[in-house]
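The report below works outward from single residues to the elements around them, and then to the chain as a whole. Please read it alongside the sequence and the coordinates.

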Amino acid sequence: MKLTILGGGGFRVPLVYGALLQDHAEGRVTHVVLHDLDAGRLSAVTRVLAEQAAGVADAPEVTATTDLDEALRGADFVFSAIRVGGLEGRADDERVALAEGVLGQETVGAGGIAYGLRTVPVAVDIAQRVARLAPDAWVINFTNPAGLVTEAMSRHLGDRVIGICDSPVGLGRRIARVLGVENPGEAWIDYVGLNHLGWVRGLRVAGRDELPRLLADPDLLGSFEEGKLFGADWLRSLGAIPNEYLHYYYFNREAVRAYQQAEKTRGAFLHEQQARFYAEMKNPHAPALTVWDRTRAEREATYMAENRETAGAGERDEDDLSGGYEKVALALMRAIARDERTTLILNVRNRRTLSVLDTEAVIEVPCLVDANGAHPVTVDPLPDHATGLVCAVKAVEREVLAAAGSGSRATAVKAFALHPLVDSVNVARRLVEGYTDVHPGLAYLR
Ligand code: G6P
Ligand code: MN
């Protein structure tokens, strides 16, 4: 089985390969093709993978190419993990927004819109090539803003593209742990929304909802990341546990202030840190895996401190970090490839799941997965406050898709202006000015 990784020179690729190396079963991935625009990054990552594979008899063969069509031909699965504009672009997204006093996070608010505007045209091109060159392949989208990018690709690939995120499963796991659930994998997480905009409304163990027990207990609520982030009172008012990214909505003022006061934004920090990794790897004698592992450990140690500088943010434990994207992606790939039925929270087309959205809207929801793909399960409707946010943000995503399709600057302004976290049409206009000034990838907006 052939797996193609787009963005194959990316820093997190060794996490995926490490997970593949643990799979010895029939039907596993035997060939990994790394694609990247940057040959230097490809060679750095290829060296890390070669060291990871040392001594593993059935390690998947790894090849690398800068030719996209060659990478896609014959692929059974495609992981799309590109970052248009690189981490430098992410840091620019943050900076331009903060200068306007709004949030520049890569998936939420102005930053997410800017990142979406430059990513969608590239993702659409990839989707069209997959449809032509590897029509039977399944595409698993890792690229943020994941819901929006998955929806853009689904217009060309239908249900053959599935978006992933590790935050809902991580949240479910943390809730299960504080509740003392013995086997968190067996808990049913009642979660729905958009990517980075969803709520856990229940957690059923053997048919019994354990969430009310958590909401009633201030000590338990104070003992895990989201409990500290949102505070017991607010969680009780909501009657649900929001995805951590909803902090940017519910505590927007504090989040913006924390970012403005931070010495460095998350994007700027990661940009510098990873640039050091790729620079060190220019030395052909550098111990690739050791250098990579050291950089990864540094990144993880700063995860919370740098990403959410706001009060109460704690450190994330090793288990959460290692239960990340690669595990979700591999579980999904296995379920499809081997027809091993499983349930995963994924980004897929709505069908009739949330009646307030149309059938084509990509949402994040528990899905039954098998060889036929991912099928959203029936869920209870969202409460009105959540429906309001979901509909507002989906409307913004639709304007981003329209702007990317038409190249209309006015439509791009509309996308920013309609976002609940952008507080004036004039701010939206200046954001479009600021972003088109710094991003060559937005030159298409006229
Ligand atoms: C979480 C989010 C991802 C994000 C990741 C890493 O897992 O769900 O969407 O990519 O964090 O964030 P970082 O700030 O380290 O790039
Ligand atoms: Mn995510």
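Tyr191 is found in strand S7 of this predicted model. Since the threshold for a buried residue is 20 or more other C-beta atoms within 10 Å, Tyr191, with 24 C-beta neighbours inside 10 Å, counts as buried. Leaving aside neighbours within four places in sequence, Tyr191 is in contact with Pro168, Gly172, Gly198, Trp199, Val200, Ile345 and Pro366. One of these partners, Ile345, lies 154 residues away along the chain, yet the two C-alpha atoms are separated by 7.9 Å.

Ala64, which has its place in strand S3 (residues 61-65), can be read in the same manner. With 20 other C-beta atoms within 10 Å, Ala64 is buried, and, when residues up to four places away in sequence are not counted, Ala64 touches Gly8, Leu34, Leu42 and Thr46. The two C-alpha to C-alpha separations are set out below.

| Pair | Separation in sequence | C-alpha to C-alpha |
|---|---|---|
| Tyr191 and Ile345 | 154 residues | 7.9 Å |
| Ala64 and Gly9 | 55 residues | 8.9 Å |

Strand S1 and its partners come next. Five of the five residues of S1 (residues 2-6) are buried, so the strand is largely enclosed by the rest of the structure. Both of its faces are covered, with Lys2, Thr4 and Leu6 buried on one side and Leu3 and Ile5 buried on the other. S1 runs parallel to strand S2 (residues 31-35), to which five bridges join it, and within S2 the bridge partner of Leu6 is His35. Between these two strands the chain passes through helix H1 (residues 13-21), and the resulting β-α-β crossover is right-handed. S1 is also joined by four bridges to strand S4 (residues 77-80), again in a parallel arrangement, and there Ile5 stands opposite Phe79.

Which residues of H1 are buried? They are Val13, Pro14, Val16, Tyr17 and Leu20. Seen down the axis of H1, these buried residues fall within an arc of 155 degrees, so they line one face of the helix. An α-helix has 3.6 residues a turn, so residues three or four places apart point the same way. The buried residues of H1 pack against strands S1, S2 and S4 as well as helices H2 (39-53), H15 (288-301) and H18 (325-338).

Helix H19 (residues 384-406) offers a check on geometry: at 1.5 Å a residue its 23 residues should span 33 Å, and its end C-alpha atoms are 33 Å apart, which agrees. The buried residues of H19 include Ala386, Val390, Val393, Lys394 and Glu397, together with Leu401 and Ala404. Among the elements that cover the buried residues of H19 are helices H5 (109-133), H6 (146-157) and H20 (409-418), along with strands S7 (188-194) and S8 (197-205). H19 is followed by Gly407, whose phi is positive, near 75 degrees.

Taken as a whole, the protein has 21 helices and 13 strands, and its C-alpha atoms fill a box of roughly 55 × 55 × 40 Å along the principal axes. For 446 residues, a compact globule would have a radius of gyration near 22 Å, and the 21 Å of this protein agrees with that expectation. Buried residues make up 46% of the 446 residues. Of the contacts with a separation of 6 or more, 68% are accounted for by residues 24 or more positions apart.

Notes
Residues numbered from 1 in each chain as written. Chains lettered and ligands numbered in written order. Predicted model: local features only at pLDDT ≥ 70, side-chain atom pairs only at ≥ 80, totals over all residues. Buried ≥ 20, exposed ≤ 12 C-beta atoms within 10 Å, placed from the backbone. Pairing = 2+ DSSP bridges. Right-handed = clockwise from strand over helix to strand, strands pointing away. Arc of directions from axis to C-beta. Contact = placed C-beta atoms within 7 Å. Expected span 1.5 Å × (residues − 1). Rg over C-alpha atoms; globule rule 2.2 N^0.38 Å.
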